[in-house]
Amino acid sequence: MEEIRIECPEIFDFEQCLEYFKRNENEILFSVVDEEIYKAVKINNLNILIHVSYVPHYLKVEILNQDLITPLIVEKLISYIEEWFDFSTDLSSFYNDVKDNKILAPLIEELYGLRIIRIPEFFEAITWGIIGQQINLSFAYKLKRRLVEKYGESIPYKGRQYYIHPSPEKISNVTIEELMELKFSRRKAEYLIDIANKIQSQIITKKMLLNLTDKEEIEKALTDLRGIGPWTAHYVMMRSLGIKNAYPVGDVGLQNALKLILELEQKPSKEFMIELNKDWKKWSSYATFYIWRAPYLRNIK
DNA sequence: AACCAGGTACCTA
DNA sequence: TAGGTACATGGT
């Protein structure tokens, strides 16, 4: 069994990340058992089951289902994990830049060391964004579970299956009716299949977007896809592309969290949220991610 | 039993 | 350009 160690950045709290990982028991794409993460990933067309734990100051990564791993695979796996935990962001700059912000300062205290948990797989991020549109999260998790169980590959290990998100190629060959049987709306089924086709045929790729210079261009390229509006575009920029200043204005989760933190009578308006953003503009993605956590914390009003 | 969910496209005026 | 509506289903 292979074991890899990945050095963690100075500001990093594995426990905080675990709390995020544990947010929904219907999650299908990884599991947390005894403070350790199990996840199946596809690296260079090889299905790998990894087991991630923390020993100061390293992520300890064990490969559970493969004996022979080439150096190239190891290298790619390490990049994947560093991206997954967003190791490249300088959190001390974020903390320093927003330390006087009334909303973020207490959250930084509570969540110190939490990094954005990214979705390196581009199609997975888009799928999750589209599924999440306009429905409650628990239903969204159920839809994702059905989709992944039906169309994703899986690795068996000790009596259970560990799933990998279906590829664009796989979903591009699915029919609208099949997805509707899983209780996707007709619209969402159309969006997913369309976008799967476009990624599959390289009309749009993650690499392409990362090569664009400014955020507006990326947003435009994303919202040009039917089914991706401003919210989903920003969601994907934040979760998959690693863009620091994405901001899903009007996100209901963000609105409700702000309402809670600021003890508002009503959900904050879009205008108000844009106003708030001025104070953390460079770091909107992290601000959003941290504010999303607020309802799960005890000490935030 | 309404009403709202980590929105979006599409229609009308 | 602005404003209203359908969408599928589940939660509170």
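Which polar backbone atom is 2.7 Å from a phosphate oxygen of DNA strand B? The backbone atom belongs to Leu-137. Before going further, please keep in mind that this is a predicted model.

**Around DNA strand B**

Let us stay with this strand for a moment. There are 24 residues around DNA strand B, and Leu-137, Thr-232, Tyr-235, Val-252 and Trp-292 come nearest. Of the strand's atoms within 4 Å of the protein, 62% belong to sugar or phosphate, and the rest belong to bases. The protein backbone reaches both kinds of partner: a polar backbone atom of Asn-136 is 3.3 Å from a base nitrogen, while a backbone N or O atom of Gly-227 lies 2.9 Å from a phosphate oxygen.

Helices H9 (186-200), H12 (230-239) and H13 each supply at least two residues of the surface near DNA strand B. H12 gives the most, with four residues.

**Around DNA strand C**

The other strand to look at is DNA strand C. Its surroundings are made up of Gln-134, Ile-135, Asn-136, Ser-138, Phe-139, Lys-142, Lys-183, Ser-185, Arg-186 and Arg-187. Here, 65% of the strand's atoms within 4 Å of the protein belong to sugar or phosphate, with the rest in bases.

Three side chains can be followed to atoms of DNA strand C in the table.

| Residue | Atom of DNA strand C | Distance |
|---|---|---|
| Gln-134 | base nitrogen | 2.9 Å |
| Lys-142 | phosphate oxygen | 2.6 Å |
| Lys-183 | phosphate oxygen | 3.3 Å |

Helix H6 (137-151) and H9 are the elements that give two or more residues to the surface near DNA strand C. The most come from H6, with three residues.

**Helix H4 and its cover**

Now turn to helix H4, which spans residues 104-111. Its buried residues are Leu-104, Leu-107, Ile-108 and Leu-111. Seen down the axis of H4, these fall within an arc of 105 degrees, so they line one face of the helix. Among the elements that cover them are helices H1 (14-21), H3 (91-97), H13 (252-262) and H15 (284-293). After H4 comes Gly-113, which has a positive phi, near 95 degrees.

**Aromatic rings**

The structure holds 25 aromatic pairs. One of them joins Phe-14 and Phe-85: the ring centres are 6.4 Å apart and the planes meet at 35 degrees, so the pair is tilted. This pair links distant parts of the chain, with Phe-14 in helix H1 and Phe-85 in the loop between helix H2 (71-84) and H3, 71 residues apart. Phe-14 has 5% relative accessibility and counts as buried. Phe-85 is buried too, with a relative accessible area of 0%.

Phe-94 and Tyr-290 make an edge-to-face pair, at 5.5 Å centre to centre and with 85 degrees between the planes. They also link distant parts of the chain: Phe-94 is in helix H3 and Tyr-290 in helix H15, 196 residues apart. Both Phe-94 and Tyr-290 are buried.

Phe-14 and Phe-85 also belong to one aromatic cluster, which includes Phe-12, Phe-21, Phe-30, Tyr-54, Tyr-80, Trp-84 and Phe-87.

**Charges over rings**

Rings have charged partners as well. Which ring does the charged end of Lys-144 sit over? It is the ring of Trp-128, and the charged end of Lys-144 is 4.5 Å from the centre of that ring. In another case, Arg-160 lies over the face of Tyr-162, at 4.3 Å from the ring centre.

Note on methods: Residues are numbered from 1 along each chain as its sequence is written. Chains are lettered from A and ligands numbered from 1 in the order in which they are written. This is a predicted model: local features need pLDDT of at least 70, side-chain atom pairs count only at pLDDT 80 or more; totals for chains, interfaces and linings use all residues. Side-chain values use heavy atoms; hydrogens and water are left out. Buried means under 20% relative accessible area, exposed over 50%, partly exposed in between (1.4 Å probe, protein chains only). The arc is that of the directions from the helix axis to the C-beta atoms. Contact means heavy atoms within 4.5 Å. Rings of Phe, Tyr and Trp (its six-membered ring) pair if their centres lie within 6.5 Å; planes under 30 degrees apart count as stacked, over 60 as edge-to-face and the rest as tilted. A charge sits over a ring if NZ of Lys or CZ of Arg is within 6 Å of the ring centre and within 35 degrees of the ring normal. A residue is near a molecule or strand if one of its heavy atoms lies within 4 Å of it. A polar contact is a pair of N or O atoms within 3.5 Å; within protein, one must be able to donate a hydrogen and the other to accept it, and residues adjacent in sequence count only if both atoms are side-chain atoms.
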